[in-house]
Every structure is written in structure tokens, then in C-alpha cells.
Amino acid sequence: QTQKQSGQQTLSKQTMSEIDVESTAQFNQLIGKNVVSFVDFYATWCGPCKMIAPKFLELAKAHPTAQFLRVDVDKNEDITAKYSVSAMPTFMAFKAGQPLGNFTGANEAKLRQFVTDNASK
């Protein structure tokens with residue numbers, strides 16, 4: 001029944017590993033799980049965000065035991081403010097609600113290393 005609409009998949013069609021966050025409650029529930037969650041804070045108007053997005057998806061497919069969340073900063077201002085995200089893209093990692101680390105910038109090598117370093121925590 002669920003179909004891709006405007007480039008986004010509905011939750012029932014998504015794998016555990018890639019989720020577009022729609023609310024603060026959903027975000028808190030997801031990062032609270034006892035699995036590593038990688039978060040891409042992005043903006044639809046951000047060129048570097050668009051460049052790195054396919055790499056983030058590629059990493060999500062390569063690390064199926066982790067969650068890969070995408071947070072549109074313009075639609076989720078409460079989350080963005082809580083974590084003091086001021087530049088995009090910003091990447092963060094969480095496990096059981098606790099931050100594991102973060103960095104800012106569309107650097108593919110740094111993103112791959114960040115995921116590698118945190119995926120097994």
C-alpha cells in the first residue's frame with residue numbers, strides 16, 4: 001500500500017536503518033533505543049547536504065544494525081535547537097539517548113570514519 005511520494009519513503013517501507021524524522025517525539029524514541037543512531041541534520045536548500053546525502057544512504061545500507069536518521073532542520077527546529085546545530089550538514093551519533101560524537105561538514109572520508117568509529121559501540 002505504501003509508495004514513494006515526493007522522494008520520501010513512508011515508515012512501513014523503510015528499513016530500520018534509514019528514517020526521515022517527522023517529530024521530536026519520534027526522534028527521542030529512536031535515539032533512545034539501545035542501538036547506534038547516526039543523525040544527518042540537513043536543509044533542503046543546502047548544496048553540500050544534497051551532495052553527501054547519497055553517501056549517508058550508502059552507509060546506512062552497509063551498516064544495517066545501526067539506525068540512520070535524517071532531520072530536516074527547518075521542519076524540526078526543536079531538535080535542531082536542543083543539539084545546537086547551527087551549520088549543515090551536521091552529523092551526530094547516539095546510543096541509548098546519549099551522544100557519542102558529532103562533526104559538521106560534507107566530508108565523505110570523515111563521515112565514513114565517523115560511522116566506522118561509532119557503529120560498534
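Residues are termed buried when their relative accessible area is under 20% and exposed when it is over 50%, with those in between described as partly exposed. These terms are applied below to a predicted model. By this criterion, buried residues account for 41% of the 121 residues in the protein.

The protein contains 4 helices and 5 strands, and their order along the sequence is β-α-β-α-β-α-β-β-α. Of the contacts between residues at least 6 apart in sequence, 67% link residues that are at least 24 apart.

Helix α1 spans residues 24-31, and within this helix Q26, F27, L30 and I31 are buried. Viewed down the axis of α1, the buried residues occupy an arc of 120°, and they therefore line one face of the helix. This arrangement can be set beside the general geometry of the α-helix. With 3.6 residues a turn, residues three or four places apart in an α-helix point the same way. The other side of α1 carries A25 and Q29, both of which are exposed. The packing partners of the buried residues of α1 comprise three strands that precede or follow one another in the numbering, β1 (18-20), β2 (36-42) and β3 (67-72), together with helix α3 (77-82) and strand β4 (90-95).

Within helix α1, F27 was examined individually. The relative accessibility of F27 is 0%, and F27 therefore counts as buried. When neighbours within four places in sequence are set aside, the contacts of F27 are with V21, V39, F41, L69, V71, I79, Y83 and F94. The C-alpha atoms of F27 and G97 lie 9.9 Å apart in space, although these residues are 70 residues apart in sequence.

A further buried position is provided by N76, which is located in the loop between β3 and α3. N76 has a relative accessibility of 4% and so counts as buried. With neighbours within four places in sequence left aside, N76 is in contact with V21, E22, S23 and V71. Of these, V21 and V71 also appear among the contacts of F27.

The packing of helix α4 was considered next. Two packed helices are described by the angle between their axes and the distance between the axes. For helix α2 (residues 47-62) and α4, the axes come within 11 Å and cross at roughly 25°. Since angles under 35 degrees count as roughly parallel, α2 is therefore roughly parallel to α4. The crossing of these two helices is right-handed. On the α2 side, the contact involves I52, K55, F56, E58 and L59, and on the α4 side it involves E108, L111, R112 and V115. Classified by residue type, the contact of α2 with α4 consists of 5 nonpolar and 4 charged residues, with no polar residues.

Helix α4, which covers residues 108-119, also contains F114. F114 has a relative accessibility of 10%, and on that basis F114 counts as buried. Beyond its neighbours within four places in sequence, F114 is in contact with F38, F91, M92, A93, G101, N102 and F103. One of these residues, A93, is 21 residues from F114 along the chain, and the C-alpha atoms of the two are separated by 8.5 Å.

Backbone geometry was examined in the loops on either side of β4. In the loop between α3 and β4, which includes P89, a cis peptide bond joins M88 to P89, with omega at about -5°. The loop between α3 and β4 also holds S84, a residue other than glycine whose phi is positive, near 50°. S84 counts as exposed because its relative accessibility is 61%. A positive phi of about 50° is likewise found at A96, which is not a glycine. A96 belongs to the loop between β4 and β5 (98-104). The relative accessible area of A96 is 40%, and A96 is therefore partly exposed.

Key: Residues numbered from 1 in each chain as written. Predicted model: local features only at pLDDT ≥ 70, side-chain atom pairs only at ≥ 80, totals over all residues. Heavy atoms only, no water. Buried < 20%, exposed > 50% of the residue type's maximum accessible area, 1.4 Å probe, protein only. Arc of directions from axis to C-beta. Contact = heavy atoms within 4.5 Å. Axes fitted to C-alpha atoms, helices over the stretch in contact; angles between N-to-C directions. Parallel < 35°, antiparallel > 145°, perpendicular 65-115°, else oblique. Left-handed = near helix turned anticlockwise from the far one by under 90°. Nonpolar A, V, L, I, M, F, W, Y, C, P; charged D, E, K, R; others polar.
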